[in-house]
Amino acid sequence: MLRTVRAEIAERIKSLRAKTPRFQPQLAIIQAGARPDSSVYVRMKAKASEEVGIKFKHITLPEEAPLEEVVDIVKKLNSDPSVSGILVQLPLGPHIGADGERTVTEAISPEKDVDG
């Protein structure tokens, strides 16, 4: 099933690129810290993106990155026309907490929110 979905996405991207050669979807993932489980997840998303023809951008921050910095990066990605989708890898640093994570995820433009 997963292979079928990826094959369909790859075909749709290929078709769109044939009509509009400059079309290049890009996924941006923001990760604070280097938790092994989070890093594995991000690598899986990078591989899946590559398989279907989606450009991948991995933004890494120190675990102690302040909430305001993460929100600022999200806002910049929202306004970047080259970025099609945004994913924030949770958890963020322990100093941010659930309310801070909600602030970050709610800052993502609905049009670019991959996790929805």
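A contact here means heavy atoms within 4.5 Å.

**View 1. Contacts along the chain of a predicted model.** Of the contacts in the chain with a separation of 6 or more, 75% are accounted for by residues 24 or more positions apart. Buried residues make up 34% of the 116 residues.

**View 2. Order of the helices and strands.** The chain holds four helices and three strands. Read from the N terminus, the elements follow the order α-β-α-β-α-β-α.

**View 3. Overall dimensions of the chain.** Along the principal axes, the C-alpha atoms fill a box of roughly 45 × 30 × 20 Å. The radius of gyration is 15 Å, which agrees with a compact globule, because a globule with 116 residues would have a value near 13 Å.

**View 4. Surface and charges.** The exposed area of the chain is about 7400 Å², and carbon and sulfur atoms supply 55% of this area. The chain carries 17 positive and 17 negative charges, and the mean positions of these two sets lie 10 Å apart.

**View 5. Helix α2, residues 36-52.** This helix has 17 residues. From its first C-alpha to its last, α2 reaches 25 Å, close to the 24 Å expected at 1.5 Å a residue. Which residues of α2 are buried? They are Ser38, Ser39, Val42, Ala48, Ser49 and Val52.

**View 6. The position just after α2.** Gly53 comes just after helix α2. The phi angle of Gly53 is positive, at about 90°.

Conventions: Residues are numbered from 1 along each chain as its sequence is written. This is a predicted model: local features need pLDDT of at least 70, side-chain atom pairs count only at pLDDT 80 or more; totals for chains, interfaces and linings use all residues. Side-chain values use heavy atoms; hydrogens and water are left out. Helices (H or I, at least four residues) and strands (E, at least two) are DSSP runs, numbered from the N terminus. The radius of gyration is taken over C-alpha atoms; the globule rule is 2.2 Å times the number of residues to the power 0.38. Buried means under 20% relative accessible area, exposed over 50%, partly exposed in between (1.4 Å probe, protein chains only). Accessible areas come from the Shrake-Rupley method with a 1.4 Å probe; for residues, only the protein chains shown count as cover. Lys and Arg count as positive and Asp and Glu as negative; His and the chain ends are not counted. The place of a charge is taken as NZ of Lys, CZ of Arg, CG of Asp or CD of Glu. The expected span of a helix is 1.5 Å times one less than its number of residues.
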